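Trainee: I have a structure open in front of me and would like to learn how to read it. Could you walk me through some of its features?

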Amino acid sequence: MNVETKQVRKNTVGGRMSNESFLTLFMIGVLVVLFGIACAIVPNFFLPQNMLNLITNNWFIIILGIGVTFLLITGNFDMSVGGVIALTGVLSVYFCQGANVSQNALANGLGLPYGLAIALALLCAMGIGAINAFFIARLKVPSIIVTLGTMMLARGIAQVITRGAQRNTSLPDVFGVVGNIAIQGTSIKISVVIMVVLVSAAFIFERMTVSGRRTYLIGANAEAARLSGITVGRHLTFLYLISALLAGITGILLASEFKAGVSSRAMGYEFDALVVSLLGGVSIAGGFGSVLGMFVGAVILSVVTTSATGLLLSPDWQFTLKGIVTFIAILAQRFALDRRKG
Amino acid sequence: MNVKGAKEESLQMRIERSQAVRANIKRFYIYFVLALIVIIFSVAKLGQVEMFGRGHFLSPASVINLLRTAVPIMTLSGAFTLLMISGYIDLSVGSAMSLNAVVFALMILNGFPFLPALVITLILGIAMGALNGLLVMKLRITPVIATLVTLSLFKGIALLIVPDGLSAIKGSAEKVMPPWINDYARKNVLLGMPWAFFVALAVIAILVIVQRKTILGKYAAAMGGNRTAAELSGINVVKMGWLLYIIVGFFAVLAGVARASYMSLGDPLSGDGMELDNIIAVLLGGTAFSGGEGSVAKTIIGALIIMCVTTGLMTVIPAYWQTVAKGSVLLFAVVLNHLLIREKVKA
C-alpha cells in the first residue's frame, strides 16, 4: 500500500519537478560551469559589457529560436527561417526605395511609405510560412524536405530582387530608425527589447494557454491528439505562420539596422536556431522542450562562440565548435534524463 | 440481368484500364520529363548567343560538358537513393564531399601519387560514413539532426584545413599543383568522356544491381517499409543502416575526388547544396519520402534533369535565378512525388 502511494506520487507532476524544468535547470548548471571556465581562461571575458553582449548580440537567433522550438516540439523542422529573413529584409528595402529616382535599377523601388512596406514584407514572409504549412499539414510531406525547398525559394527571390547583390540606396531616413535606436543611456537596442517581449509572450503561450499545451500533445502523439479532437493540421499551420512571422520581424529589424537589403543575409541562421533549441533540451522525438530552455541554450552557444573568438581562434572554428557542442549536449541531456528515470 | 452484368464488367475493365494507365504513367513519366526539358532547352536556345562557344544544347560539346559536370551527383545519388529507400537521410553528403575534395587536393599538392591519395581519402570517407551510422543507428539520434551536426562538423574541418587567407587548396608560389590532377575528371579517354564518368557509370550499374538483385536492396526496402516488421523478421537493422551510411560515405569520396580533379583545387564549399540536389533527384525518381520503395536508375534520370535545368537555365537567364529555379524544381518534385505515390497507396 505504502509502496503504491509512493509510486503514484512519483508519477504525478505536482509533487515532482517536470522533466522540462529538470532539463532547463541542468542546462543552466552547464551554463554556469562553462561561464566559470570561460571567465578563468579567456582574457577580458569577465567584464560587464561582455556579459551583456552575450545576450544582446544574439537577439536574432533567440527570436528565430522561438518558432523553431515550438515546431520542433511538434516534431517538425523549419529550415526556411534564414531564407525568410533575407527575403523580408530585401522586400522591405525594395518597397521603401523611391520610385524612378535613378538610372540604376537597383536604386529604384516602389516608393511606398515605411509602415506599408513593412506590413507587405511581413505578409510575404507569412506567405512562405503558408507554403510550408500547406505541404506539411495538408500533403503530409516531411518538413525537412519542404522547408529546405522554401529556404531556397525565399533566398532565391531575394537574390532575384537584388540581382544577387544588395539594395541600399535611395532609402528614406525613417528606414534606419527601428533597428538602430537604443534605450536612453544604455547600449541596449530596441531589437533586444522586442526579443525579450517575444520570449515572455512565448513563455506565457507555452505554459498558460490551451493552444500551447496542444503543441506538446501533438508532438507526443499526433494520432492521439487528432483522436482527442485537436485539429492537428490547423495547429501546425498556425505554428508555421508564427515561425515565418518571427523570421520576418527579424529580417526587417536586421535590414533596418544595416540600412540595406542583402540577399546573403542570415545564411546558416536556420542551423543556429536549431542548435540553440537542441542545446535547450528540445527533443525531436516529440512533445518535449521549452522556450526558456532554448534561451539558456542560446546563451550557452554565445558563451562558447565568444570564448572561441576571445581565444583568438580563427572564425573557421565556428562550424566545428557548433557541431561538437550540439553533439555533446544531445548526449549529455539523454544521459541526464536516463539517470533520472532509472 | 445480362445487360447489367455486362455493364459491371465494362466498369471493372475501365477501372483496371485506368489503373494500368496510372501505373504506366508512374513508370515512365520521368523519361518524359527529361525528354521535355531537353526539347525545351534545345528549341529555346536555337536563336541564342552561343554559350562559352559550345553552341547548341544538343551539340556534342555541350552534351559532353553536361555529363562531365554531372559526374559528382551521378556518383553520389545512387547510394543516396538506397539510403532514402531504407527510410534514413544523410544531409552531410555535401560537406563530406567538400572535405574529401580538400583532403585529396592537399595530398596531391604535397606530392602524393594519385592512387595512395585516393585510398587514404576513401578510408577517411568510410570513417565519416561510419560516424553518421554511429550517431543514427547506435546512439539513436534522429537522422536529420545527426547529419546536420556532422554537416557542420565536416564543413568546419574542411574550412580549418584550408590555410588562412586562401579560399581553397590550390597551387601557390612555393608549391604547384601537378597538372595530372586533371586527368581523372577532364582528360578524354573514350568518346570525349574522362575516367571519372566511366567510374560513375560503373557505380550506377553496380548500385542498380545491388538494389534490384541483392539482399541489401531488399533489406533496405523492407526497413523503409516497416522498420519494426523488418527487425522482427530477423534483419539486423542497425548493421544494415550502418552499412548504408558507410556506402554513402564511400561514394561521397569518389564524388569529391572527381570534383577536386575537375576544378584542380580543393574548395571547402564546393559541395554546398549537394544534399539538396540529391534529394531533388531522389524525389523526381519517385522514391517515397518515408522509404520503402524507389529506384536507383530513375534517380539517375532525376539527377540528369537537375543538371539539364541548371546548365540550361544558365544560358537563358542570369545566374541569380539559379536558387529560385532549384527551389521551384524541388517543390515541383515534391508535388509530383506526392501525386504519384499517394495514388498508389490509395489503390
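Mentor: Happily; we will take the chain interface, the core and then some individual residues. Keep in mind from the start that this is a predicted model.

Trainee: Let's begin with the interface. How many residues of chain A are in contact with chain B?

Mentor: A good start is to count the residues on either side. Here 40 residues of chain A are in contact with 36 residues of chain B. Next comes the area: about 3400 Å² is buried between chain A and chain B, and carbon and sulfur atoms give 82% of that. On the chain A side, A:Ile145, A:Met152 and A:Phe319 supply 19% of the area that chain A buries against chain B, more than any other three residues.

Trainee: Which elements of chain A give two or more residues to that side?

Mentor: They are helices H6 (114-138), H7 (143-162), H13 (269-279) and H15 (317-341) of chain A. H7(A) gives the most, with 13 residues.

Trainee: And what kinds of residues does the side of chain A that touches chain B divide into?

Mentor: There are 26 nonpolar, 9 polar and 5 charged residues on that side. As for specific pairings, the rule finds 0 salt bridges across the interface of chain A and chain B, while 4 residue pairs are in polar contact between the two chains, with both residues at pLDDT 80 or more.

Trainee: Now the core. Which residues touch the most other members of the largest nonpolar core?

Mentor: The largest nonpolar core has 215 residues, and A:Ile145, B:Leu91 and B:Ile279 touch the most other members. Helix H11 of chain B, residues 237-263, brings the largest share of this core, 16 residues.

Trainee: What is B:Leu91 in contact with, leaving aside its neighbours within four places in sequence?

Mentor: From chain A, B:Leu91 is in contact with A:Ile144 and A:Leu148. From chain B, its partners are B:Val144, B:Thr147, B:Leu148, B:Leu151, B:Glu275 and B:Ile279.

Trainee: How many residues of H13(A) are buried?

Mentor: To read this, compare each residue's relative accessible area with the cut-off: buried means under 20%. H13(A) is mostly covered, with 11 of its 11 residues buried. Among them are A:Tyr269, A:Phe271 and A:Leu279, along with A:Glu270 and A:Asp272. Just after H13(A), A:Gly281 takes a positive phi of about 95 degrees.

Trainee: Why would a positive phi be worth a look outside glycine?

Mentor: Because most residues other than glycine have a negative phi. Here A:Lys259 has a positive phi of about 50 degrees although it is not a glycine. A:Lys259 lies in the loop between helix H12 (232-258) and strand E2 (261-262) of chain A. Its relative accessibility is 29%, so A:Lys259 counts as partly exposed.

Trainee: Where is B:Ser264 placed?

Mentor: B:Ser264 is in the loop between H11 and helix H12 (274-284) of chain B. Its phi is also positive, about 45 degrees, although B:Ser264 is not a glycine. B:Ser264 counts as partly exposed because its relative accessibility is 25%.

Trainee: One last residue: is B:Ala146 buried or exposed?

Mentor: B:Ala146 is buried, because its relative accessible area is 2%. B:Ala146 lies in helix H6 of chain B, residues 143-161. Leaving aside its neighbours within four places in sequence, B:Ala146 is in contact with B:Leu135, B:Val136 and B:Ile141.

How values were computed:
Residues are numbered from 1 along each chain as its sequence is written. Chains are lettered from A and ligands numbered from 1 in the order in which they are written. This is a predicted model: local features need pLDDT of at least 70, side-chain atom pairs count only at pLDDT 80 or more; totals for chains, interfaces and linings use all residues. Side-chain values use heavy atoms; hydrogens and water are left out. Contact means heavy atoms within 4.5 Å. Buried area is the accessible area (1.4 Å probe) that two parts lose on being put together, summed over both. A salt bridge is a side-chain nitrogen of Lys or Arg within 4 Å of a carboxyl oxygen of Asp or Glu. A polar contact is a pair of N or O atoms within 3.5 Å; within protein, one must be able to donate a hydrogen and the other to accept it, and residues adjacent in sequence count only if both atoms are side-chain atoms. Helices (H or I, at least four residues) and strands (E, at least two) are DSSP runs, numbered from the N terminus. Ala, Val, Leu, Ile, Met, Phe, Trp, Tyr, Cys and Pro count as nonpolar, Asp, Glu, Lys and Arg as charged, and the others, Gly among them, as polar. A nonpolar core is a set of buried Ala, Val, Leu, Ile, Met, Phe, Trp, Tyr and Cys residues joined through side-chain atoms within 4.5 Å. Buried means under 20% relative accessible area, exposed over 50%, partly exposed in between (1.4 Å probe, protein chains only).
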